[in-house]
Amino acid sequence: MTRVVVIGAGPAGLAAATAAAAAGADVVLVDEGERIGGQFWRHHPDFTNPRLQHQLGRFGTLRDSLESVRMLSSTSVWRVEPGTPLRVHVLTGQADAADRRGETLEADAVVVATGAHDRVLPVPGWTLPGVTSAGAAQAMAKRDGITLGACTVVAGAGPFLLPVAQSIAVLGGEVAAVVEAASIGTIMRGWGARAWELSAAVGKAGELGSYVASLLRHRTPYRFGSAVTRIHGTDAVEAVTVQRLDPQWRPVAGTERTIQCDSVALGHGFTPRLEAAIQFGCQISADRFVTVDTQQATSIAGVYAAGEITGIGGADAALAEGEIAGLAAAGIPAADLRYRAPLTARRRMRAFAARLDVHAIRPGWTAWLDADTIVCRCESVRRASIDEYAGVSSRGMRLATRAGLGACQGRTCGRSVDDILGATSGIDHRPVLSSVRIGELAAVSGGPCTPDPERSGES
């Protein structure tokens with residue numbers, strides 16, 4: 001029986017696990033969350049609001065199809081190894097606990113479906129209490145049924161701003177404004193081109209209609225071609241400055257407008273979580289996605305990738321890619337008819353995903369930063385420090401400023417540092433999967449040490 005390990009239990013991972021199991025594989029599904037569903041189906045079992053959740057029927061079907069799948073929740077993957085067999089090293093338990101259980105999973109095939117996280121561009125004042133990523137604001141709404149504040153500005157770029165604004169409004173919060181960096185002309189040209197290709201994404205039209213209806217019902221201002229360029233406050237958010245942007249996202253002088261609010265949700269697209277794929281040795285494209293073939297196979301034998309790590313495309317694309325990857329990982333030949341439906345869905349959803357490029361970040365955004373703006377939050381590195389070491393090697397810059405060397409290992413600041421430098425720094429290329437205690441390392445390596453809850457340090 002083919003042994004398959006799936007890393008990540010979002011839409012792509014769930015689809016991969018169910019497809020592989022249905023094809024007769026012995027499947028282990030690993031996820032760091034307490035519950036399956038990933039970011040898209042992030043909800044509390046006692047709080048499920050149909051206006052905040054989408055495709056709950058599909059989620060229920062996938063969940064009910066996991067009976068033969070071994071599921072490891074609250075489980076961190078800290079190391080992966082290519083070869084025969086493939087190896088996935090995991091630690092199960094709460095992330096900060098001292099009694100996590102280590103295990104090495106051996107597999108004939110691994111599906112990496114680790115998804116993506118928000119990309120948030122630095123803004124003067126973005127470290128104030130009351131500022132979060134758009135994804136965090138959405139998670140609070142879906143999982144806990146609470147809003148970030150009483151009056152929120154949702155700002156950034158891309159369609160994800162719409163469900164975030166809707167969720168806040170559904171829970172009774174006020175959305176002072178939705179601020180989209182792409183201009184209305186850019187959006188119309190991008191989404192309107194070859195409109196017939198969007199016919200397959202008819203379900204998205206229904207979602208869009210509900211978002212627009214919510215904006216109209218709550219009279220929420222929607223500002224195109226603009227950005228929050230400064231967040232004001234002493235101990236917490238009090239207001240924001242919104243400015244018009246030119247086509248390269250440089251703020252236009254004289255267009256400043258102040259909006260009163262007590263919270264800000266920022267989201268400028270998504271960044272794939274590549275650490276596991278990089279550690280396996282998978283080929284990564286120039287635009288920082290995992291390169292795959294028609295069956296979602298990576299450049300490493302036995303390793304497949306699906307979902308947002310192969311390109312940002314949304315849940316429907318991830319579901320199709322996950323099903324293809326699961327079938328392929330289970331050893332189903334490419335000519336099998338079971339591929340027909342997901343291959344068709346993947347082709348159609350890629351046409352939809354291609355439109356997301358109209359919201360892509362433009363290089364002029366760095367003009368809204370001042371010298372004192374913190375870029376690397378973990379190490380409190382300011383823009384001036386990065387500029388000071390712009391002429392040295394990327395390694396020298398990191399060592400001198402400590403940008404990207406903090407707890408998140410550059411996941412938050414890496415690409416922003418690249419944009420400021422105008423060159424690749426390598427900060428977000430570091431394949432550190434998760435924090436591991438020294439005692440845990442000693443135990444799983446077969447050494448003489450046993451983790452001591454009172455004395456184990458962290459690495």
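# A guided tour of the predicted model

Begin by selecting Val 153, which stands opposite Ala 177 in strand E11. The structure on the screen is a predicted model, in which local features need pLDDT of at least 70 and side-chain atom pairs count only at pLDDT 80 or more, while totals for chains, interfaces and linings use all residues. Residues are numbered from 1 along each chain as its sequence is written, and side-chain values use heavy atoms, with hydrogens and water left out.

**First stop: an open sheet**

Display strand E10 (residues 151-157) together with strand E11 (residues 174-180); six bridges pair them in the parallel sense. The labels follow DSSP runs numbered from the N terminus: helices (H or I) have at least four residues and strands (E) at least two. Two strands are said to pair if DSSP finds at least two bridges between them.

Now extend the selection to the whole sheet. It is open, has five strands with parallel pairing, and follows the order E9-E16-E10-E11-E12. Strand E9 (131-133) and strand E12 (222-223) stand at the edges with a single partner strand each, so one side of each has no neighbour in the sheet.

**Second stop: strands E1, E2, E7 and E18**

Select strand E7 (residues 109-112). Are its two faces covered or open? Both are covered: Ala 109 and Val 111 on one side, and Val 110 and Val 112 on the other, are all buried. Here, buried means under 20% relative accessible area, exposed means over 50%, and partly exposed lies in between (1.4 Å probe, protein chains only). In a regular strand the side chains alternate between the two faces of the sheet.

Next, add the parallel partners of E7. Strand E1 (residues 3-7) is joined to E7 by four bridges, and Val 5 stands opposite Val 110. Strand E18 (residues 303-305) pairs with E7 over three bridges, also in the parallel sense; there, Tyr 304 is the bridge partner of Val 111.

Stay with E1 for a moment. Four of its five residues are buried. Five bridges connect E1 to strand E2 (residues 26-30), and these two strands run parallel. Within E2, Asp 26 is the bridge partner of Arg 3.

**Third stop: a buried serine**

Move to helix H12 (residues 414-421), where Ser 416 is found. Ser 416 has a relative accessible area of 1% and is therefore buried. Which residues are in contact with Ser 416, leaving aside its neighbours within four places in sequence? They are Arg 119, Val 120, Leu 121, Pro 122, Trp 365 and Val 375; contact means heavy atoms within 4.5 Å.

**Fourth stop: unusual backbone geometry**

Most residues other than glycine have a negative phi, and most peptide bonds are trans. Three places in the loops may be inspected with this in mind.

- Select Thr 84 and Pro 85: the peptide bond from Thr 84 to Pro 85 is cis, with omega near 0 degrees. Pro 85 lies in the loop between strand E4 (75-81) and strand E5 (86-92).
- Select Arg 219, in the loop between helix H6 (202-217) and E12. Its phi is positive, about 55 degrees, although Arg 219 is not a glycine. Arg 219 counts as exposed, because its relative accessibility is 76%.
- Select Arg 288, in the loop between helix H7 (275-280) and E18. Arg 288 is not a glycine either, yet has a positive phi of about 70 degrees. With a relative accessible area of 13%, Arg 288 is buried.

**Fifth stop: a distance across the chain**

Select Arg 348 in helix H9 (residues 340-354). Its relative accessible area is 46%, so Arg 348 is partly exposed. How far apart are Arg 348 and Cys 413 in space? They are 33 Å apart, C-alpha to C-alpha, and 65 residues apart in sequence.

**Last stop: the whole chain**

Finally, clear the selection and view the protein chain in full. It holds 13 helices and 20 strands, and its C-alpha trace spans about 65 × 55 × 40 Å along its principal axes. The radius of gyration is taken over C-alpha atoms, and the globule rule is 2.2 Å times the number of residues to the power 0.38. The chain has a radius of 22 Å, which agrees with the value near 23 Å for a compact globule of 459 residues. Of these 459 residues, 51% count as buried. Among contacts between residues at least 6 apart in sequence, 63% join residues at least 24 apart.
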